Amino acid sequence: MKKFYRITADLAADVCCGLLLAAAFYCFAIPADFPMAGVSGLSLIFYHMLGLPVGVMTIVLNIPIAICCYRTLGKRFYINSLKTTLITSLIIDAAGPALPAYHGERILSAICAGVFCGVGYALAFMRNSSTGGFDFIMMTVRHYRPHLSLGRIAFTLDVTVILISGLLFGDVDTVIFGIILNYIYTTVLDRVLYGTSSGKLTLIVTDVPAKMIQTIDEKAGRGSTVLKAAGGYSKEDKSVVMCASGKKEMYRIRKLAHEVDESAFVIILESNEVIGEGFRLPGDMNPA
């Protein structure tokens, strides 16, 4: 039964992904003549030049990229991606032309297309899959450079394709709008993928770690960890209280830190992901 629910959820995510991308392409990108990036961007170039369907060209262009990236990505991710690519491509060509085209302000088209693309692609990545093409390249780059976010990798690759497209068609305004679109897309992608489990990491250097931990636990409802340290100049032993929290809770923890110890040294860091009790559990990551 669990496997049935997993398969159903995967298929539903693929269908939603396809519908979102269809809306992004046919409702906003194509009417506004935006140079979409990635394999989809290359497919749009073929669409404008030769009238070839976007979905069919996406499948054709995916083949050599998939073959080259197979060893790095692994069989499971590869098979999931082939399934997602096939479903989304068919939906894009079947549903896309039937959707109403928007012919209003181009900046609004860029915003809407970027948001739809960001959410759509995030649905695929969250299910341990992708829509193939440049997604394969993105995941391969992240395999060797795990500190880079998918959004940052995508933006670099996409801007490259957009600039090539701009040289091809010679439309500077279109290139600018394309970069805006892809900036929004990659920002939304990172926000959806990492934003739900992001938070703040507070480091508190204090002489009363036990009292600090107790106060944070009782008044902020967050657990803490004590790290042993030493002063770089004084060489004296120090205690660092480390506490992961949500963004709203961070302000409460910062106030409590100085209530407990007026001389406490507080450092607050942005945390892209927090995985564990009280946040997202490991089992919630990339369900397969």
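**Exercises on a predicted model**

Leu-227 stands opposite Val-240 in strand S3. The model used in these exercises is predicted.

**Exercise 1.** Find how S2 and S3 pair, and over how many bridges.

Solution. Strand S3 covers residues 237-245. Strand S2 covers 225-230. The two strands pair in the antiparallel sense, over 6 bridges.

**Exercise 2.** Give the order of the strands in the open sheet, and name the edge strands.

Solution. Start with the order: the 4 strands run S2-S3-S1-S4, with antiparallel pairing. Next, look for strands that pair on one side only; these are S2 and S4 (265-271), the edge strands. On average, neighbouring strands are turned by 25° against each other, direction ignored. Finally, add the helix: H9 (residues 209-220) lies across S1 (199-206), S2 and S3, and runs at about 10° to S3.

**Exercise 3.** State which helices each supply at least two residues of the largest nonpolar core.

Solution. The largest nonpolar core has 24 residues, and Phe-25, Tyr-121 and Leu-189 have the most contacts inside it. At least two residues each come from H1, H5 (106-126), H7 (150-169) and H8 (172-195). H1 gives the largest share, 6 residues. Another core, of 15 residues, lies apart from this one and includes Ala-37, Leu-61, Phe-77 and Phe-134.

**Exercise 4.** Decide whether Ala-12 is buried, partly exposed or exposed.

Solution. First, place the residue: Ala-12 is in helix H1, residues 2-29. Buried requires under 20% relative accessible area, and exposed requires over 50%. Ala-12 has 37%, so Ala-12 is partly exposed. As a last step, compare positions: Ala-12 and Ala-154 are 142 residues apart in sequence and 24 Å apart in space, C-alpha to C-alpha.

Definitions and conventions
Residues numbered from 1 in each chain as written. Predicted model: local features only at pLDDT ≥ 70, side-chain atom pairs only at ≥ 80, totals over all residues. Heavy atoms only, no water. Buried < 20%, exposed > 50% of the residue type's maximum accessible area, 1.4 Å probe, protein only. Core = buried A, V, L, I, M, F, W, Y, C linked by side-chain atoms within 4.5 Å. Pairing = 2+ DSSP bridges. Axes fitted to C-alpha atoms, helices over the stretch in contact; angles between N-to-C directions. Contact = heavy atoms within 4.5 Å.
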